[in-house]
2 protein chains.
Amino acid sequence: MLIIPLDKKISKPIYRQIVDKIAKLIESDTLKEDDTLPSTRRLSEQLGISRQTVVQAYEELWSLGYLRSSQGAYTKIRKRPSIVKKHNRGKMTMDYEKEIIGKQKAGFINALIKTKNATTEQTKIIDMSAMDLDSSIFPVDTFRKTMNNVLKQYPPSLLNYGDPQGYRPLIEWISQRMLTHSIDVFPDEILLTDGISQAFELLVKLFTERGDTVFVESPGYRQALSLLAAHGVNVIGVPMKVNGMDLKVLKKKLEASVKMNKRPKFIYTVPTFHNPTGITITQQHRERLISLCLDYSVPLIEDSFEEEIRYYNRVVLPIKSMDHHQIVFYLGTFSKVLFPGLRIGWLAGEKGIIKKLTALKKLTHLSSNTLTQAALYEFCKAGHYERFIKKVNDHYASKMSTAIKLMKECLSFDQVSWHNPSGGYLFWLKVDVSSENESDLLKLCEKNGVKVLGGSKFFIEAPESVYLRVCVSSTNIDEIKKGIRILSISIRDFLTNRA
Amino acid sequence: MLIIPLDKKISKPIYRQIVDKIAKLIESDTLKEDDTLPSTRRLSEQLGISRQTVVQAYEELWSLGYLRSSQGAYTKIRKRPSIVKKHNRGKMTMDYEKEIIGKQKAGFINALIKTKNATTEQTKIIDMSAMDLDSSIFPVDTFRKTMNNVLKQYPPSLLNYGDPQGYRPLIEWISQRMLTHSIDVFPDEILLTDGISQAFELLVKLFTERGDTVFVESPGYRQALSLLAAHGVNVIGVPMKVNGMDLKVLKKKLEASVKMNKRPKFIYTVPTFHNPTGITITQQHRERLISLCLDYSVPLIEDSFEEEIRYYNRVVLPIKSMDHHQIVFYLGTFSKVLFPGLRIGWLAGEKGIIKKLTALKKLTHLSSNTLTQAALYEFCKAGHYERFIKKVNDHYASKMSTAIKLMKECLSFDQVSWHNPSGGYLFWLKVDVSSENESDLLKLCEKNGVKVLGGSKFFIEAPESVYLRVCVSSTNIDEIKKGIRILSISIRDFLTNRA
């Protein structure tokens, strides 16, 4: 006889008490495969409960796989597989890299993973490699109050699915705000994205197929290069000169590509405070670039990630501001000014394309994060963003001035050259030794206590000399001073020991 | 002589006053192409300011494209193109669909755009088409307080770039929470994503190439089907029966695919409260499914978007809980319980794959939205999530019971059939007429005042009869009653008029 102690006082329903007890008896092997349970009528009589309750329990046991059903009755015990405990798993039978992913793709992704680990190693080192922001100046308290008001005053539907194009008032605010940079577009020409990378990927998805060609600056933004590689796009580098992309080479390559019927699907450029070189191209250069794009019917993606970070009040107008024929797609972001953790960027371009990109975005991101977009909108509307930009400029300008001064002092020797950026967070040092020396020099720097990025990974084709990208955004002034000294000593020592 | 009125009292720097004045003279055509400006020395004497200030102004004018430089002097006026005003643009010269995107892809995306518009037409209609949540019960105030505390107590670095894998404490909380569903995995086996769609796309990116084959349920989740189509994946449908995917057909198709050397890269299934049919498959079915996957070495993607929405306390264990050999990838989300606008879901699976997916995620989303993840973590940790699930279950259970009762009353006639779901928000009605009638029936329903979804778009191959997906999540009880009555009258009328 099956003994099932029931407790009518506890909140657990009776049928569930029966289920749990019988499941336990099976798991502990007290009840064995093909053992027979009493009929529902008999058990209900034994337990003094309704037959319906027993039926419910047996149905549940059946749905859990503990009973076999035959001729409408559920009375034979079935041994179901046990639940898998993490410390007690079977052998992995699948070789994912070989059977599913493929060696080539797996190799590419494993390289990305390695890169990632390399940047998060030591703690005592002065890290001038990452372009993180200095969060100590974030206006968190103002944002907290804004967020609190939004959650108090907005309807709860704000937390439901939202418009995949983004929170409309923020879109409208951005369309107004871009006027200060002389970009004049309609709200329907703007798509909010989770930062510039998502915007860029959407364009890559829409404009390219595997095997298509695109042109980029070399050296250029690493993240964009990896993304293009991940999409199987054929990337052609146009060399960066002191004043920007070499337009003669660009023209030649465009000419050749048209002849070979391999016109690039777009040209990707970072015209202001270029990453990694820090270069800002002139108005004339911008005009020539856009007119080349028009001549060859190639869309231009203008990544203006640091549009706001101009310390010296110097104006350079975005290429988008000269875009008479809707050939430029402008990528903007809040992330280089404040709160990159909110992940809010945008894309401005031709309306039909924005519609298509919105549909593509919806496939992977049903909705935007409307709460943070609404909070950012209120923050901007109240003028906090404008005020904070001023603070950011002062804050980083003083870091940058310190860095420039010290670089002049410590790094003015023959084999090292660099240009003063007019904004942004980056220095791009050329060290006049063969590029094979890069990893040794980087190791020496790290050993001495400063981490910078080696330039080679920013190039499409390997460079001839060593380049170093030095970033001053996330370090404080003392660290910058110390870091640049260590850097100069390391380079000096390296050059001396080589000689 | 150039007359430039300067105002030393205003905060605008002198050099910028010069820049603005000269730019204005050029834009207004007072200064013309090739006009000559005074030398820097002369202008500085005229204005009684330092020569350096004039040099700075001329440099700026040059960088803005207003001057030509020759032999080190910047004195000839250059007409730069004017800034483009949105109402005054030139003709669009690019035919994006033809020249860049390609007709086929453009057609696919334009169809997506159309679909979207179709769902946002009328306002008076009772909308039983979308699976939105009822935001009126969201615990917004509790969340507001949680968010406020997070922004008060966490360091500002929370708002900086975060870990692309997701906010660690939330990952750990989820790994604990999944134990209540008998899934036992390490935190390193979890990746946080912006909802299930992002998780699914990452798997598609990692596991498939264009032209690869995958198996899905037919009918199945539309969004997933569109996403697969966007990736150029060859989708094979396995018919859904009353008790789930037809496993005999699945086995045959697996057999055939292996013979043709086209083994699917994965099988995608929604085993619990399947969308669109509402079916929950049994334990035995789950066991057979996973053992087929093991036999044929095919990973299984288990989309458990509504794991928590079980009204009747009935337990069915996720397939992942039986995954001894790390062949199952489990997709979970908060979005069907609360705050879909926060966009937080997750993926649980083999550690090496999670690492690769994290690297892929980082390519397009440098970081997660750490603020909302941290706020959700605190909300969960305080027990609010657990409490809210109970409320959600009660809330939707009463909607569902109302709907079931009324459906039995109104829709119990010969040509209509359906199954009571054991949870979730969906009914799947079969109307026994040829599927060609779908759009006419839908039109009639809309005309009468209720909107539901036609079933055909959920199928890989066109179905024989008409199916309707009826959702009760976002409507209130009165609307549900009214909606189902209108639905039954519409179907009756339609069938009568046809006969």
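The legends below accompany several close-up views of a predicted model.

**View 1. The domains of chain A, and the meeting of domain 2 with domain 3.**
In this predicted model, chain A is divided into domain 1, covering residues 14-77, domain 2, made of the two stretches 120-134 and 391-498, and domain 3, covering residues 138-386. The centres of domain 2 and domain 3 of chain A, taken over C-alpha atoms, are separated by 27 Å. Where these two domains of chain A meet, 21 residues of domain 2 are in contact with 21 residues of domain 3. On the side of domain 2 of chain A that touches domain 3 of chain A, helix α14 (384-411) and strand β13 (426-434) of chain A each supply at least two residues, and α14(A) gives the most, with 5 residues. That side of domain 2 of chain A divides into 12 nonpolar, 6 polar and 3 charged residues.

**View 2. Helix α14 of chain A and what covers its buried residues.**
The helix α14(A) has 28 residues and reaches 39 Å from its first C-alpha to its last, which is close to the 40 Å expected at 1.5 Å a residue. Its buried residues are A:Phe388, A:Val392, A:Tyr396, A:Lys399, A:Met400, A:Ala403, A:Met407 and A:Leu411. What covers these buried residues of α14(A) includes strands β12 (416-417) and β13 of chain A, together with helix α16 (477-498) of chain A.

**View 3. An open sheet of 4 strands in chain A.**
In this sheet of chain A the strands stand in the order β12-β13-β16-β15, and their pairing is antiparallel. Strands β12 and β15 (453-454) of chain A stand at the edges and have a single partner strand each, so one side of each is left without a neighbour in the sheet. Strands β13(A) and β16(A), the latter formed by residues 465-471, run antiparallel and are joined by 7 bridges. One residue pair to look for here is A:Leu429 with its bridge partner in β16(A), A:Leu468.

**View 4. The contact between chain A and chain B, and the axis that relates them.**
The contact takes 102 residues from chain A and 102 residues from chain B. On the side of chain B that touches chain A, the largest share, 9 residues, comes from helix α12 (residues 351-364) of chain B, and the residues of this side divide into 45 nonpolar, 33 polar and 24 charged. A turn of 180 degrees, with a shift of 0.0 Å along the axis, lays chain B on chain A with an RMSD of 0.1 Å, and the two copies are therefore related as by a two-fold rotation axis. Among the residues of chain B, B:Asn148 comes closest to this rotation axis, with its C-alpha at 3.1 Å. The same surface serves both copies, since 100% of the contact residues of chain B recur in chain A.

**View 5. The surroundings of B:Pro299, a buried residue in a loop of chain B.**
B:Pro299 lies in the loop between helix α11 (283-295) and strand β9 (300-303) of chain B. This residue, B:Pro299, counts as buried because 24 other C-beta atoms lie within 10 Å, where 20 or more are needed. Leaving aside neighbours within four places in sequence, B:Pro299 is in contact with B:Phe207, B:Phe266, B:Ile327 and B:Phe329, and also with A:Met94 and A:Ile100. By contrast, B:Lys86, which is 213 residues apart from B:Pro299 in sequence, is 51 Å apart from B:Pro299 in space, C-alpha to C-alpha.

Note on methods
Residues are numbered from 1 along each chain as its sequence is written. Chains are lettered from A and ligands numbered from 1 in the order in which they are written. This is a predicted model: local features need pLDDT of at least 70, side-chain atom pairs count only at pLDDT 80 or more; totals for chains, interfaces and linings use all residues. Domain bounds come from an automatic or database domain assignment. Two residues are in contact if their C-beta atoms, placed from the backbone, lie within 7 Å. Ala, Val, Leu, Ile, Met, Phe, Trp, Tyr, Cys and Pro count as nonpolar, Asp, Glu, Lys and Arg as charged, and the others, Gly among them, as polar. The expected span of a helix is 1.5 Å times one less than its number of residues. A residue is buried if 20 or more other C-beta atoms lie within 10 Å of its own, exposed if 12 or fewer, and partly exposed in between; C-beta atoms are placed from the backbone. Two strands pair if DSSP finds at least two bridges between them. Copies are superposed by least squares on the C-alpha atoms of residues with pLDDT of at least 70 in both.
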